[in-house]
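Student: I'd like a close look at one part of this protein, and then a walk outward from there. Could you take me through it in one go?

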Amino acid sequence: DMDLRSNVETSIRGTAQTANLHLKIQVENGVAIPEGVVHDLNQADDVADLAAKVKGIAGVDRSRLRLEFPASSDDELASRVSRTLFAVPKFAASSMRVSVENRVVTLTGAIKNAAWRGEIHRLCGGVEGVVDVVDRLDTPETSDEKIQKVLDGIFGVRVVPRFPGYVRAEVKDGVVTLQGYAPRLYDKQAAEFDARGINGVKRV
């Protein structure tokens, strides 16, 4: 755990987006626990991603990261998130709806492309005051056969470059099951993220 803590600290301090943060890092049983103040949800995500990239880290507990922001009412926050999202033409044309409760943004409605999920999350996370984003967005209906083809194009053994580790992906009724192993927590999360970025996938 001491070695892992040192590696996590080096990873966070060595990256431009997080180098100026004054965080205390603990590692207990392979779980990294960063503590301190971050500017917004995106910076908290960056800290968690950097910790997850350290080989040997099995989990990241973000509960001690505090967001530095002026207090906003949920209605005001919903309005700011909506303005941020709908300023992007492709999102303005969607049926996406934004609601906020206790500073947690929930997104419902439909988007044309599941690969937009990451961009939407980053835009919401960059709005001061947002503590979390819950994605309940629907994407176009897609047959399991088509979803499986895309999964094989990401995780297949002959795909170049090969996905780290060994991941087998199967889909049934829009629900993707991932099995195998990944060298780092970050790679495991990336596999889930890639699968969620496919149209028609309801759950991973």
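Student: How far apart in helix α1 are Glu9 and Arg5, and about how many helical turns separate them?

Tutor: Keep in mind that this is a predicted model. Glu9 and Arg5 sit four residues apart in helix α1, which covers residues 2–13, so about one helical turn separates them. Their side chains meet in a salt bridge, with 3.9 Å from N to O. The cut-off for calling a salt bridge is a nitrogen within 4 Å of a carboxyl oxygen, so the 3.9 Å pair counts. As a rule, side chains of opposite charge can pair when their charged atoms come close. As for the solvent side of things, Arg5 has 32% relative accessibility, so it counts as partly exposed.

Stay with Glu9 for a moment, since it turns up again in the lining of the largest cavity. Its companions there are Ile12, Arg13, Leu21, Leu23 and Ile25. Helix α1 gives the largest share of that lining, three residues. By type, the lining divides into four nonpolar residues, two charged ones and no polar ones. The volume of this largest cavity is about 40 Å³, and the structure holds one cavity of 30 Å³ or more. If you're wondering how such spaces are found, rolling a probe the size of a water molecule over the atoms shows where empty space is left.

Back to charged pairs. A search of the whole structure turns up 12 salt bridges, the Glu9 and Arg5 pair being one of them. For another arrangement, look at Arg122 and Asp46, whose closest N and O atoms are 3.3 Å apart in a salt bridge. Arg122 belongs to helix α5 (residues 117–125) and Asp46 to helix α2 (residues 41–52), so this pair ties together parts that are 76 residues apart in sequence. The two partners also differ in their surroundings: Asp46 is buried, with a relative accessible area of 13%, whereas Arg122 is partly exposed at 37%.

Now jump to helix α7, residues 185–196, where Glu192 and Lys188 are four residues apart, about one turn of the helix. Their side chains form a salt bridge too, at 3.3 Å from N to O. Glu192 counts as partly exposed at 32% relative accessibility, and Lys188 is also partly exposed, at 45%. Elsewhere, salt bridges that share partners join Arg117, Asp135 and Arg196 into one network.

For a contrast with all that charge, find Val157, Tyr166 and Tyr181 on the surface. Together these residues form a nonpolar patch with about 320 Å² of accessible area. Tyr166 belongs to strand β8, which runs over residues 166–172. At 33% relative accessibility, Tyr166 counts as partly exposed. That value also lets Tyr166 into a patch, because patch members need over 30% relative accessible area.

One last stop is Lys146, in helix α6 (residues 144–155). Its relative accessibility is 56%, and because the cut-off for exposed is over 50%, Lys146 counts as exposed. If you want a distance to try in your viewer, go from Lys146 to Pro164: they are 18 residues apart in sequence, and their C-alpha atoms are 23 Å apart in space.

Technical notes. Residues are numbered from 1 along each chain as its sequence is written. This is a predicted model: local features need pLDDT of at least 70, side-chain atom pairs count only at pLDDT 80 or more; totals for chains, interfaces and linings use all residues. Side-chain values use heavy atoms; hydrogens and water are left out. Helices (H or I, at least four residues) and strands (E, at least two) are DSSP runs, numbered from the N terminus. Buried means under 20% relative accessible area, exposed over 50%, partly exposed in between (1.4 Å probe, protein chains only). Patches are made of residues with over 30% relative accessible area and no salt bridge: like charges are joined within 9 Å, nonpolar side chains (Val, Leu, Ile, Met, Phe, Trp, Tyr) within 5 Å. Accessible areas come from the Shrake-Rupley method with a 1.4 Å probe; for residues, only the protein chains shown count as cover. On a 1 Å grid over the protein atoms alone, a cavity is a set of points where a 1.4 Å probe fits but cannot get out, and a pocket is an open set with protein on both sides within 12 Å along at least five of seven lines; lining residues have an atom within 4 Å of a point. Grid points are joined across faces, edges and corners, and a volume is the space filled by probe spheres set on the points. Ala, Val, Leu, Ile, Met, Phe, Trp, Tyr, Cys and Pro count as nonpolar, Asp, Glu, Lys and Arg as charged, and the others, Gly among them, as polar.
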